[in-house]
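Here is a short dialogue on reading packing, voids and ion pairs from coordinates.

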Amino acid sequence: MQTLFNTRKVAAAQRVRAAGVSAMLITHLPDVQYLCGFTGSNAVLLVFTGKRAAVLFTDGRYTRQAKAEAVGTTVVIATRSAMQEACALLAKSGVRSCGVDASHTTMAALEQMRKAMPIGRRSIFKPLPSLIAMERERKDADEIARMRRAAKLGCELFEHILGFIDYGMTEAQVAAELEHAARLRGAAGMSFETIVASGERSALPHGHATAARLPRNGFITLDFGVMLNGYCSDMTRTLYMGKASAFERDAYEAVLAAQTAGVEITAPGVSCEEVDEACRSVLRKAGLAKWFTHSTGHGVGLEIHEGPRLAAGFKQKLEPGMVITVEPGVYLSRRGGKDFGIRIEDMVLVTAKGHEVLTAASPKAWTTI
């Protein structure tokens with residue numbers, strides 16, 4: 001692992017150098033974890049573009065953990081705040097310019113950095129794009145292996161919950177069972193708050209589990225993911241309880257066709273907006289496009305939402321190693337008819353020649369309970 005982290009730090013230093021600065025203060029914890037392996041809740045990583053190694057600053061709570069996890073990285077246990085210690089080393093280094101991540105550095109944090117520097121050197125900080133997040137978009141072999149395992153666990157949980165769901169239980173009970181089963185199978189936790197939205201609540205794209213009881217007739221949307229070995233999974237399946245109307249069945253088939261079209265077009269060189277349009281065009285033909293109210297997908301990795309974003313106007317090209325979600329949905333609110341929603345989501349790895357569906361073990365065909 002030390003070799004892997006060293007490779008990542010070298011690549012990060014090259015990006016920092018290309019951005020026109022001599023160092024970068026990294027405070028976003030997933031970026032810190034990606035570059036050196038440290039998983040504590042308080043950390044600053046100072047990356048230099050020259051021969052000097054990266055330095056990790058944290059506090060006394062993590063003395064043993066930092067030395068165990070951040071192998072190959074110099075560790076400083078701060079007696080002041082980690083940021084103050086990092087800036088003190090930066091001041092001594094003679095570096096004339098230092099990047100900070102504009103997406104994750106608040107005005108208050110930037111002011112703290114400036115105050116920690118000598119008066120004549122407080123202007124060295126330069127806001128930059130999320131350079132490390134850009135690096136994280138393309139997963140290496142180790143990350144892909146971890147994400148395959150996380151996705152596989154998600155599929156196993158879905159199969160488990162199919163045998164658990166019954167009319168009359170609450171959405172919260174379903175979510176609790178999913179989360180309990182995930183823990184028993186080795187997950188560190190869920191990668192986001194589990195969504196269980198049933199009946200008319202399925203028309204809420206992010207309908208978190210409540211005390212509402214599962215209906216005799218209606219859709220149930222299950223959107224969940226696990227955190228396993230540091231990496232997230234993400235999948236959505238929509239079930240039906242009872243006997244559906246022809247309109248409900250047709251709407252489901254349209255969403256499934258849209259999701260299939262988005263997955264099938266996924267390949268290196270295809271733009272994010274092309275995947276989005278592949279899904280929308282199917283729903284447009286079915287007369288349901290106006291009910292598709294969110295983007296088609298996002299990257300997944302150390303965080304549940306990473307780049308790239310799959311949406312209209314996003315021209316970024318997909319590259320091998322990216323792991324994305326493809327998740328079209330429709331959320332109908334109709335006068336004189338019951339509201340309902342349908343979403344289907346897979347995690348998809350972009351490969352050298354096309355794609356691999358990481359959640360393929362979980363069926364997407366119409367399923368009734």
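The turns below take up the cores, the pocket, the cavity and the salt bridges.

Q: Before anything else, what kind of model is this?
A: The model is predicted. Local features are read only where pLDDT is at least 70, and side-chain atom pairs only at 80 or more.

Q: How do I read a nonpolar core, and which residues have the most contacts inside the largest one?
A: A core is a set of buried nonpolar residues joined through their side-chain atoms. Here the largest has 35 residues, and those with the most contacts inside it are Ile-26, Leu-35, Leu-45 and Leu-56. Elements that give two or more residues to this core include helix 1 (2–18), strand 1 (23–26), helix 7 (141–162) and strand 18 (346–350). Helix 2 provides the largest share, four residues.

Q: What does Ile-26 touch?
A: Leaving aside residues up to four places away in sequence, Ile-26 touches Asp-31, Val-32, Leu-35, Ala-43, Val-44, Leu-45, Val-47 and Ile-132. Another core, of 30 residues, lies apart from the largest one; among its members are Cys-279, Val-330, Leu-332 and Ile-344.

Q: How do I read a pocket, and which residues lie nearest the centre of the largest one?
A: A pocket is an open set of grid points, unlike a cavity, from which the probe cannot get out. The largest pocket holds about 320 Å³ of space. Its lining has 20 residues, and nearest its centre lie His-206, Asp-223, His-298, His-305 and Glu-327. Strand 13 (297–299) and strand 14 (306–310) each supply at least two lining residues. By class, the lining of this pocket has eight polar, seven charged and five nonpolar residues.

Q: How many cavities of 30 Å³ or more are there?
A: The search of the whole structure finds one, and the space in it is about 50 Å³. Ile-26 is one of its lining residues, as are Asp-31 and Ile-132; Asp-31 and Ile-132 are also among the residues that Ile-26 touches. The lining further includes His-28, Asp-101 and His-104. Strand 1 gives the most to this lining, with three residues, and helix 6 supplies at least two. Six of the lining residues are nonpolar, four polar and two charged.

Q: How do I read a salt bridge within a helix, and are its partners buried or exposed in the case of Asp-276 and Arg-280?
A: The test is a Lys or Arg side-chain nitrogen within 4 Å of a carboxyl oxygen of Asp or Glu. The side chains of Asp-276 and Arg-280 meet at 2.8 Å, N to O. Both residues lie in helix 10 (residues 272–285), four residues apart, about one turn of the helix. Asp-276 counts as buried because its relative accessibility is 1%, under the 20% cut-off. Arg-280 also counts as buried, at 18%.

Q: Which residue pairs with Arg-284?
A: Arg-284 meets Glu-277 in a salt bridge, also 2.8 Å, N to O. Arg-284 is partly exposed at 46%, and Glu-277 is partly exposed at 36%.

Q: Where in the chain do the partners Lys-364 and Asp-346 lie?
A: Their side chains meet in a salt bridge of 2.7 Å, N to O. The pair links distant parts of the chain, with Lys-364 in the segment after strand 19 (355–357) and Asp-346 in strand 18, 18 residues apart. Asp-346 counts as buried, at 0% relative accessibility.

Q: How many salt bridges are found, and which residues are linked in a network?
A: The whole structure has 23 salt bridges. Asp-31, Arg-136, Lys-139, Glu-303 and Glu-306 are linked in a network of them.

Conventions: Residues are numbered from 1 along each chain as its sequence is written. Side-chain values use heavy atoms; hydrogens and water are left out. A nonpolar core is a set of buried Ala, Val, Leu, Ile, Met, Phe, Trp, Tyr and Cys residues joined through side-chain atoms within 4.5 Å. Buried means under 20% relative accessible area, exposed over 50%, partly exposed in between (1.4 Å probe, protein chains only). Contact means heavy atoms within 4.5 Å. On a 1 Å grid over the protein atoms alone, a cavity is a set of points where a 1.4 Å probe fits but cannot get out, and a pocket is an open set with protein on both sides within 12 Å along at least five of seven lines; lining residues have an atom within 4 Å of a point. Grid points are joined across faces, edges and corners, and a volume is the space filled by probe spheres set on the points. Ala, Val, Leu, Ile, Met, Phe, Trp, Tyr, Cys and Pro count as nonpolar, Asp, Glu, Lys and Arg as charged, and the others, Gly among them, as polar.
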